[in-house]
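Let's take a walk through this protein together, one piece at a time. Have the picture open and follow along as we go.

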Amino acid sequence: MVRRPLSALLSSRPSLTRGRELARAAVDSTTDVLHPLFVIARGLRRQAGWARDWWGSTPKDRRGPALLASVGAGFLVLVLLPYGAYLMFAAWMGSAGWMGRDRTPAPTGPSGPENDRLTALYEALVPYLSVADDPSPLYAHDGSWENAFGDHVFEDGRLVRLHLKYPAYFTDGEPAARARVEHVLHAKVGRGREYRFEWNEEENHLTLTALPPLPTGIAAQRFVTSPGETVLGFTDPGSVQRTVPVQDGEEVRDAPPVVWRTGPRSTEPHLLALGHPGTGTTTLLRSIALQALPEGDVVVVDGSGTGEYAFLSGRPGVMAVESGLAGTLATLEWAAHETERRLIAVNRARQAGRTAPDDVRRPLWILVDRPTVLSQLAHAESRPDPQELLDIPLRHGRAAGVTVAVADHLDGAEALSHVVVAQTRARVLLGAVTAEQTQAVLGAPQCSTSAAQVPPGRGYVRLGTGPVLRMQVPATPDPFDEDAGDAHRQAVMALLPPADGAHGAEPREREAETAEAPGAVMVSEPSGAVRPAGDPALEH
Ligand SMILES: Nc1ncnc2c1ncn2[C@@H]1O[C@H](COP(=O)(O)OP(=O)(O)OP(=O)(O)O)[C@@H](O)[C@H]1O
């Protein structure tokens with residue numbers, strides 16, 4: 001017979017353990033069932049105690065009449081009311097239940113560790129929110145946080161909301177002073193999350209709120225928008241007026257979109273997206289291209305030359321996907337001529353009292369990724385700067401239905417040309433960024449502190465002079481990128497117009513499809529004639 005080791009015998013006593021668990025469960029459920037009885041018993045005990053106290057504290061000459069009055073009232077109820085005995089019993093038990101209820105006050109105020117955190121936060125703010133000659137400082141090293149902090153909410157031991165007062169002499173109108181306080185709070189409260197700071201300058205109050213992360217599950221899809229509207233991403237509920245139904249993983253839900261309006265009436269007809277490498281600016285341009293294609297023509301310039309737009313080549317509506325300098329110059333020169341041609345056509349139509357011809361009304365999108373790389377190349381080869389060729393589309397594109405979206409790296413932003421910076425009033429900034437970077441790119445302070453780590457596609461957006469909003473760009477990977485999720489790649493492929501030309505009703509599209517190689521550019525002269533780019537007539 002095989003002997004089992006002692007440790008095995010000791011550890012394998014399931015029946016005993018299970019028996020204990022069963023006994024504990026039985027006791028728990030019995031306690032739950034009998035809980036009302038316990039409460040009534042406790043109430044009866046309290047009633048007896050109360051009666052004893054009353055008997056002891058009432059003068060002897062008043063005990064008899066009071067007793068007589070109570071017994072008389074009880075007798076009347078018994079005799080006069082139907083079911084008087086039952087009613088009296090129910091009232092007695094009810095009063096016993098009421099008296100026996102648990103009166104332990106709910107714990108109020110922060111627990112020990114929470115108190116420590118609030119004290120640490122208060123101490124950290126002292127140097128920023130006090131001055132040496134304040135006779136009664138709100139913030140002092142021997143002071144108490146209870147004077148300065150109001151409402152505070154902890155969740156799982158972490159502060160998620162704090163309302164604090166600050167002295168009137170604190171320079172809350174200075175962004176730098178605010179940023180210092182926000183930085184201290186962010187560091188002390190926890191860097192892993194984003195916080196919104198709401199300054200009430202009139203009443204010298206500051207409210208800090210931890211923001212939940214924006215959902216990252218929304219992939220490229222057909223969004224419910226009107227013509228001329230492009231969904232750049234999704235923001236916090238309540239930050240925008242509207243919601244659109246979206247497929248988020250398995251479920252369909254309403255999400256608050258950041259909608260960018262382009263076209264003749266747009267106040268911010270062109271866009272600039274900046275971010276650190278890998279933060280998702282290329283993905284944003286891909287998402288814009290996919291939304292633009294059903295209604296418009298798209299020209300893509302890929303300065304990084306990584307082929308991340310190759311999947312668009314040869315698709316109806318995609319007029320060019322360029323990554324070389326020569327092709328880019330030809331394409332952008334054509335785009336400048338095309339903008340002029342459209343302007344002339346719109347102008348003539350207006351003068352003649354007609355609507356502009358269809359080919360002029362069809363939106364043209366010029367998407368330029370990393371133009372600074374191509375500018376550098378052009379400079380080295382003493383050729384025209386491609387960014388300068390964006391001058392006409394950027395300045396006059398709005399009236400001509402031409403929209404320009406430029407994406408680049410944040411650290412190369414100083415190489416962007418003046419016209420690109422001046423004419424792009426829709427701005428996107430992606431990645432974990434500092435308050436100074438947000439101010440520089442968006443022209444306004446960010447609405448929340450950035451978490452140390454953010455997923456790709458996360459950032460801020462500002463349309464014209466509107467508010468700065470947090471934003472998550474829909475996942476729109478390069479469908480040829482095998483590292484991207486299969487579902488997201490499929491979603492992108494599903495949005496592409498079929499390459500067989502079923503959709504090619506437009507003459508220009510038909511000609512584009514007959515181009516020899518994918519990405520070959522069809523250029524249209526101001527007269528409206530269309531011919532391939534690379535035609536020496538257009539080259540410098
Ligand atoms: N919104 C998003 N949702 C999910 N994944 C994203 C999102 N944006 C970007 N990504 C992923 O992050 C990676 C980098 O994205 P992308 O190429 O768009 O960044 P980038 O800013 O253009 O970087 P670089 O300029 O260095 O190429 C890719 O794998 C991409 O699939």
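Helix α12 has company: α9 (325-351), β12 (364-369), β13 (402-409) and α13 (418-423) are among the elements that cover its buried residues. Which residues of α12 (residues 391-400) are buried? They are I392, P393, L394, G397, R398 and A400. Just after α12 you'll find G401, and its phi is positive, near 70°. Keep in mind as you look around that this is a predicted model.

Now zoom out a little. UniProt, in an unreviewed entry, places a feature called "domain: FtsK" at residues 255-439. Helix makes up 40% of that span and strand 22%, and its end C-alpha atoms sit 27 Å apart.

Next, let's head for the inside. The largest nonpolar core has 78 residues, and the ones that touch the most other members are L232, A289, V298, V299, V300, I366 and L367. Remember α9 from the cover of α12? That helix also gives this core its largest share, seven residues. To see what one of the well-connected members is up to, pick V300. If you ignore its neighbours within four places in sequence, V300 is in contact with A289, Y309, L312, A320, V321, E322 and L367. There is also a second, separate core, this one of 19 residues, including Y122, F170, L185 and Y195.

How is the protein chain divided? It has domain 1 (112-211) and domain 2 (229-532). Their C-alpha centres lie 42 Å apart, and the contact takes eleven residues from domain 1 and nine residues from domain 2. On the side of domain 1 that touches domain 2, α7 (175-189) and β3 (194-200) each supply at least two residues. The largest share of that side comes from α7, with four residues. What kinds of residue make up this side of domain 1? Four are nonpolar, two are polar and five are charged.

Last stop: the ligand. It is surrounded by 16 residues, and the closest are G280, T282, T283, P456 and G457. Which helix gives the most to this shell? That's α8 (residues 281-292), with three residues. As for the character of the shell around the ligand, six of its residues are nonpolar and ten are polar, with no charged ones. Set that beside the side of domain 1 that touches domain 2, where five residues are charged.

Conventions:
Residues numbered from 1 in each chain as written. Predicted model: local features only at pLDDT ≥ 70, side-chain atom pairs only at ≥ 80, totals over all residues. Near = placed C-beta within 6 Å. Nonpolar A, V, L, I, M, F, W, Y, C, P; charged D, E, K, R; others polar. Domains from an automatic or database assignment. Contact = placed C-beta atoms within 7 Å. UniProt positions renumbered as here; feature names shortened; annotations may be inferred. Buried ≥ 20, exposed ≤ 12 C-beta atoms within 10 Å, placed from the backbone. Core = buried A, V, L, I, M, F, W, Y, C linked by C-beta atoms within 7 Å.
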